[in-house]
Amino acid sequence: APDGDGVVKPVLMFQAPAVPDERRFYNNILESLMSSFRPSDNIDAKRIQTLSLIRSIRVRVLIVDEIHNMLAGPINKQRQMY
(Lines give C-alpha, C1' and ligand atoms only; values in the text may rest on other atoms or scores of the structure.)
Protein backbone atom coordinates (compact mmCIF):
# COMPACT_ATOMS: atom_id res chain seq x y z
CA ALA A 1 0.00 0.00 0.00
CA PRO A 2 1.20 3.51 -0.65
CA ASP A 3 1.03 4.36 3.06
CA GLY A 4 2.70 1.10 4.08
CA ASP A 5 -0.28 -0.73 5.55
CA GLY A 6 -2.28 -3.55 4.10
CA VAL A 7 -2.64 -5.08 0.70
CA VAL A 8 -3.86 -3.15 -2.34
CA LYS A 9 -5.14 -5.06 -5.35
CA PRO A 10 -6.77 -2.62 -7.78
CA VAL A 11 -7.58 -5.31 -10.39
CA LEU A 12 -9.16 -8.63 -9.45
CA MET A 13 -9.66 -11.41 -12.00
CA PHE A 14 -11.70 -14.52 -11.31
CA GLN A 15 -13.68 -17.11 -13.23
CA ALA A 16 -17.47 -17.13 -13.31
CA PRO A 17 -19.06 -20.36 -12.14
CA ALA A 18 -20.01 -22.87 -14.84
CA VAL A 19 -23.70 -22.21 -14.12
CA PRO A 20 -25.40 -19.01 -12.93
CA ASP A 21 -25.23 -19.46 -9.17
CA GLU A 22 -24.78 -16.57 -6.75
CA ARG A 23 -23.24 -18.72 -4.02
CA ARG A 24 -20.59 -20.09 -6.40
CA PHE A 25 -19.99 -16.60 -7.78
CA TYR A 26 -19.03 -15.30 -4.33
CA ASN A 27 -17.06 -18.49 -3.60
CA ASN A 28 -14.99 -17.91 -6.74
CA ILE A 29 -14.24 -14.31 -5.76
CA LEU A 30 -13.28 -15.34 -2.23
CA GLU A 31 -11.07 -18.14 -3.57
CA SER A 32 -9.33 -15.73 -5.95
CA LEU A 33 -8.62 -13.49 -2.95
CA MET A 34 -7.25 -16.52 -1.08
CA SER A 35 -9.70 -15.77 1.70
CA SER A 36 -10.98 -18.35 4.12
CA PHE A 37 -14.74 -18.80 4.06
CA ARG A 38 -17.37 -21.33 4.93
CA PRO A 39 -18.98 -22.81 1.81
CA SER A 40 -22.16 -23.36 3.84
CA ASP A 41 -22.59 -19.65 4.70
CA ASN A 42 -25.71 -18.07 3.28
CA ILE A 43 -25.52 -15.76 0.29
CA ASP A 44 -25.93 -12.59 2.38
CA ALA A 45 -22.95 -13.53 4.56
CA LYS A 46 -20.86 -14.27 1.47
CA ARG A 47 -21.88 -10.98 -0.16
CA ILE A 48 -20.97 -9.02 2.97
CA GLN A 49 -17.61 -10.79 3.31
CA THR A 50 -16.82 -10.32 -0.38
CA LEU A 51 -17.71 -6.62 -0.46
CA SER A 52 -15.79 -6.00 2.74
CA LEU A 53 -12.66 -7.65 1.34
CA ILE A 54 -12.98 -5.86 -2.00
CA ARG A 55 -13.22 -2.52 -0.23
CA SER A 56 -10.38 -3.27 2.18
CA ILE A 57 -7.92 -4.10 -0.61
CA ARG A 58 -9.22 -1.26 -2.79
CA VAL A 59 -10.34 -3.27 -5.82
CA ARG A 60 -11.38 -0.90 -8.62
CA VAL A 61 -11.82 -3.34 -11.53
CA LEU A 62 -13.34 -6.82 -11.57
CA ILE A 63 -12.47 -9.00 -14.55
CA VAL A 64 -14.84 -11.94 -14.85
CA ASP A 65 -13.50 -14.71 -17.08
CA GLU A 66 -16.10 -16.96 -18.74
CA ILE A 67 -18.88 -14.47 -17.99
CA HIS A 68 -20.99 -16.10 -20.69
CA ASN A 69 -21.55 -18.97 -18.22
CA MET A 70 -23.88 -16.65 -16.34
CA LEU A 71 -26.27 -16.82 -19.31
CA ALA A 72 -26.70 -20.59 -18.99
CA GLY A 73 -29.48 -22.21 -17.03
CA PRO A 74 -32.98 -21.07 -16.07
CA ILE A 75 -33.94 -17.41 -16.50
CA ASN A 76 -34.58 -16.94 -12.76
CA LYS A 77 -30.96 -17.96 -12.01
CA GLN A 78 -29.71 -15.60 -14.71
CA ARG A 79 -31.65 -12.72 -13.16
CA GLN A 80 -30.08 -13.35 -9.75
CA MET A 81 -26.67 -12.78 -11.28
CA TYR A 82 -27.46 -9.32 -12.74
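Biologist: Exposed means over 50% relative accessible area, buried means under 20%, and partly exposed lies in between. The model is predicted. By that scale, is R38 buried or exposed?

Modeller: The relative accessibility of R38 is 54%. The cut-off for the top class is over 50%, so R38 counts as exposed.

Biologist: Which residue does R38 meet in a salt bridge?

Modeller: The N to O distance of this salt bridge is 2.7 Å. The partner of R38 is found in the loop between helix 1 and helix 2. With 15% relative accessibility the partner falls under 20%, so it counts as buried. Leaving aside neighbours within four places in sequence, it is also in contact with R23 and K46. The residue is D41.

Biologist: How many salt bridges does the structure hold?

Modeller: One joins R38 and D41. Another joins E22 and R47, with the closest N and O atoms 2.7 Å apart. R47 also meets D44, again at 2.7 Å from N to O. The count for the structure is three.

Biologist: How many residues apart in sequence are the parts that the pair E22 and R47 ties together?

Modeller: E22 belongs to helix 1 and R47 to helix 2, so the salt bridge links two separate elements. E22 is buried at 14% relative accessibility, while R47 is partly exposed at 27%. The separation in sequence is 25 residues.

Biologist: Which residues are linked in a network of salt bridges?

Modeller: R47 pairs with E22 and also with D44. Within helix 2, R47 and D44 are three residues apart, about one turn of the helix. D44 is partly exposed, at 47% relative accessibility. The network therefore consists of E22, D44 and R47.

Biologist: Which residue caps the N-terminal end of helix 1?

Modeller: Helix 1 covers residues 22-32. A side-chain oxygen of the capping residue lies 3.1 Å from the backbone nitrogen of R23. That residue is D21.

Biologist: Which element gives the largest share of the largest nonpolar core?

Modeller: The core has 11 residues, among them L12, F14, F25, Y26, I29 and V59. Strand 1 and helix 1 are the elements that give two or more residues to it. F25, Y26 and I29 are among the buried residues of helix 1. The largest share is three residues, and it comes from helix 1.

Biologist: About how much accessible area do V11, M13, V61 and I63 have together?

Modeller: These residues form a nonpolar patch on the surface. Strand 1 and strand 2 each supply at least two of them. V11, in strand 1, is partly exposed at 43% relative accessibility; V61, in strand 2, is partly exposed at 39%. The accessible area of the patch is about 330 Å².

Biologist: How far apart in space are V11 and I63, C-alpha to C-alpha?

Modeller: In sequence the two residues are 52 places apart. Even so, leaving aside neighbours within four places, V11 is in contact with V61 and I63. The C-alpha to C-alpha distance is 7.4 Å.

Biologist: In what order do the elements of the protein run from the N terminus on?

Modeller: The protein has three helices and two strands. Strand 1 spans 11-15 and strand 2 spans 61-65, with helix 2 at 43-56. The order is β-α-α-β-α.

Notes
Residues are numbered from 1 along each chain as its sequence is written. This is a predicted model: local features need pLDDT of at least 70, side-chain atom pairs count only at pLDDT 80 or more; totals for chains, interfaces and linings use all residues. Side-chain values use heavy atoms; hydrogens and water are left out. Buried means under 20% relative accessible area, exposed over 50%, partly exposed in between (1.4 Å probe, protein chains only). Helices (H or I, at least four residues) and strands (E, at least two) are DSSP runs, numbered from the N terminus. A polar contact is a pair of N or O atoms within 3.5 Å; within protein, one must be able to donate a hydrogen and the other to accept it, and residues adjacent in sequence count only if both atoms are side-chain atoms. Patches are made of residues with over 30% relative accessible area and no salt bridge: like charges are joined within 9 Å, nonpolar side chains (Val, Leu, Ile, Met, Phe, Trp, Tyr) within 5 Å. Accessible areas come from the Shrake-Rupley method with a 1.4 Å probe; for residues, only the protein chains shown count as cover. A salt bridge is a side-chain nitrogen of Lys or Arg within 4 Å of a carboxyl oxygen of Asp or Glu. Contact means heavy atoms within 4.5 Å. A nonpolar core is a set of buried Ala, Val, Leu, Ile, Met, Phe, Trp, Tyr and Cys residues joined through side-chain atoms within 4.5 Å.
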